[in-house]
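Student: Could you take me slowly through one part of this model, looking closely at how a helix sits against its surroundings? I would like one connected explanation rather than a list.

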Amino acid sequence: MAGLELLSDQGYRVDGRRAGELRKIQARMGVFAQADGSAYIEQGNTKALAVVYGPHEIRGSRARALPDRALVNCQYSSATFSTGERKRRPHGDRKSCEMGLQLRQTFEAAILTQLHPRSQIDIYVLQADGGTYAACVNAATLAVLDAGIPMRDFVCACSAGFVDGTALADLSHVEEAAGGPQLALALLPASGQIALLEMDARLHEDHLERVLEAAAQAARDVHTLLDRVVRQHVREASILLGD
Amino acid sequence: MASVTLSEAEKVYIVHGVQEDLRVDGRGCEDYRCVEVETDVVSNTSGSARVKLGHTDILVGVKAEMGTPKLEKPNEGYLEFFVDCSASATPEFEGRGGDDLGTEIANTLYRIFNNKSSVDLKTLCISPREHCWVLYVDVLLLECGGNLFDAISIAVKAALFNTRVRVLEDEEGSKDIELSDDPYDCIRLSVENVPCIVTLCKIGYRHVVDATLQEEACSLASLLVSVTSKGVVTCMRKVGKGSLDPESIFEMMETGKRVGKVLHASLQSVVHKEESLGPKRQKVGFLG
């Protein structure tokens, strides 16, 4: 769109947020009763649903079993009606496969796989409006916690971009489509360790630190929110159990 | 389909209960579980609906796109169905595992809509032989708790009721098509005659409506009956590996018609009530 300012002179973005401000996040754990763990998260207009089954025995060929740790299996699919133009195949295309591999890499770093023979994580995105990877990781973290699978730490993710000398946190679809540099970061907040870092488009290395710091701060803010959601869920569960 | 393994004792328990018109959760043979319906849950579709029937969770999105009418029906638009059995329902649906079930359900949906009266397709025509609206109805199966066909048909009906297609104006003689100026100017589909599927599972000597996964494991044969709100049967199909007596088929069909009429009446009242709350109502979605 010609003339669309991603950052106005007063420092406001297209949707009225400030540079470091996140979109509204709402989340819920335990959405489905039959799965071992499930969670739903809404970040702005992006809605992601994550479902976890496991740890259970290896399905299919036993040769894939690892003798000392669990196998983490991720599938990413997005609903055909989620994007503006209807998508023909929900999963199996290259982008979904790549996203599945990235999610797998992220969660293998966080889950204590030595304790279990096998886990499987399936992640589903319902509607996309930018920040898909971040919403998926956040939803998956909550789902893995809901399933009771032990993790080293929360995994909180956020995207970041760089416009007019300012680092923007939590990009929406409009900002992603504008074609500037984008960084996706998955962080383990307590230790500050990075589980996954991905950057697209060109960015001068002098600016990298600022963008990385913006993304890390946003991920820590997400962690505060997710922590609150988990505590609320546990409180509700213990009330129902009558403790 | 997702299945549970039951022991012989559990199966006998269920079968004996059904003979006495008392199912495991206390329902009678013709009672549905509590159904939750919500429309307009996905914002960038023309219409959407979410249905929760016990543990079965379905999400339907309808997207309207412009296309060319089919050669044999130049004055009508058409519907395309696609069913995605997502891996979140059961790990067996990962990759291509859910394709078989998805195709079976999509073919059933095509069959029940394959008659002149279900949906008035002439309202979807823009200009004959050149442009028409194609409604892509995408069904997403999120959780499988038994009785998929019923839940999916209820969700499809609710989503079609919620569908709003923008009105186009085309000037006479010119090929240009423009959107009308008013953004709220829409075509709504009439869903009076859209059928719903009622699945009747034969357990022992009796049949039950709305079977759970455990009850489906005890039943050898089922009958799918597609019924409109007036009690007209548009399609009927027997599924399952067992065989059915001709008399049972007639009995099951009568039950299906009776139950279907009640189902339609409740669904109509609920979606109308939801619509009367207006666009400012609180949308719950998965957060509630």
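Tutor: Let us look at helix α3 of chain B, bearing in mind throughout that this is a predicted model. This helix, α3(B), lies across β11 and β13 of chain B, and its direction makes about 170° with that of β11(B). The two strands beneath this description are themselves partners, since β11 (residues 196–203) and β13 (residues 221–227) of chain B run antiparallel and are joined by seven bridges. To pick out one pairing, B:Val198 has B:Val225 in β13(B) as its bridge partner.

Both strands belong to an open sheet of four strands in chain B, whose order is β12-β11-β13-β14 and whose pairing is antiparallel. At the edges stand β12 (206–209) and β14 (233–239) of chain B, and each has a single partner strand, so one side of each is left without a neighbour in the sheet. If direction is ignored, neighbouring strands of this sheet are turned by 25° against each other on average. A further helix, α2 of chain B (residues 99–112), also packs on the sheet, where α2(B) touches β11, β13 and β14 of chain B and its direction makes about 150° with that of β14(B).

We can now ask how these two helices meet. Two packed helices are described by the angle between their axes and by the distance between those axes. For α2(B) and α3(B), the angle is about 55° and the axes are 11 Å apart. The two helices are therefore oblique to each other, because an angle that is neither under 35 degrees, nor over 145, nor from 65 to 115 counts as oblique. Their crossing is right-handed. On the side of α2(B), the contact is made by B:Leu101, B:Glu104, B:Ile105, B:Thr108 and B:Leu109, while α3(B) contributes B:Leu148, B:Phe149, B:Ile152 and B:Val156.

One of these residues, B:Val156, deserves a further look. Apart from its neighbours within four places in sequence, B:Val156 is in contact with B:Val60, B:Phe81, B:Leu109, B:Phe113, B:Val137 and B:Val139. B:Val156 also leads us to the largest nonpolar core, which has 63 residues, and in which B:Val60, B:Leu109, B:Phe113, B:Val156 and B:Leu160 are those with the most contacts inside it. The helix with which we began, α3 of chain B (residues 148–162), gives the most to this core, with eleven residues. There is also a second, separate core of 56 residues, which includes A:Met151, A:Ala157, A:Leu183 and A:Val211.

Technical notes. Residues numbered from 1 in each chain as written. Chains lettered and ligands numbered in written order. Predicted model: local features only at pLDDT ≥ 70, side-chain atom pairs only at ≥ 80, totals over all residues. Heavy atoms only, no water. Core = buried A, V, L, I, M, F, W, Y, C linked by side-chain atoms within 4.5 Å. Buried < 20%, exposed > 50% of the residue type's maximum accessible area, 1.4 Å probe, protein only. Contact = heavy atoms within 4.5 Å. Pairing = 2+ DSSP bridges. Axes fitted to C-alpha atoms, helices over the stretch in contact; angles between N-to-C directions. Left-handed = near helix turned anticlockwise from the far one by under 90°.
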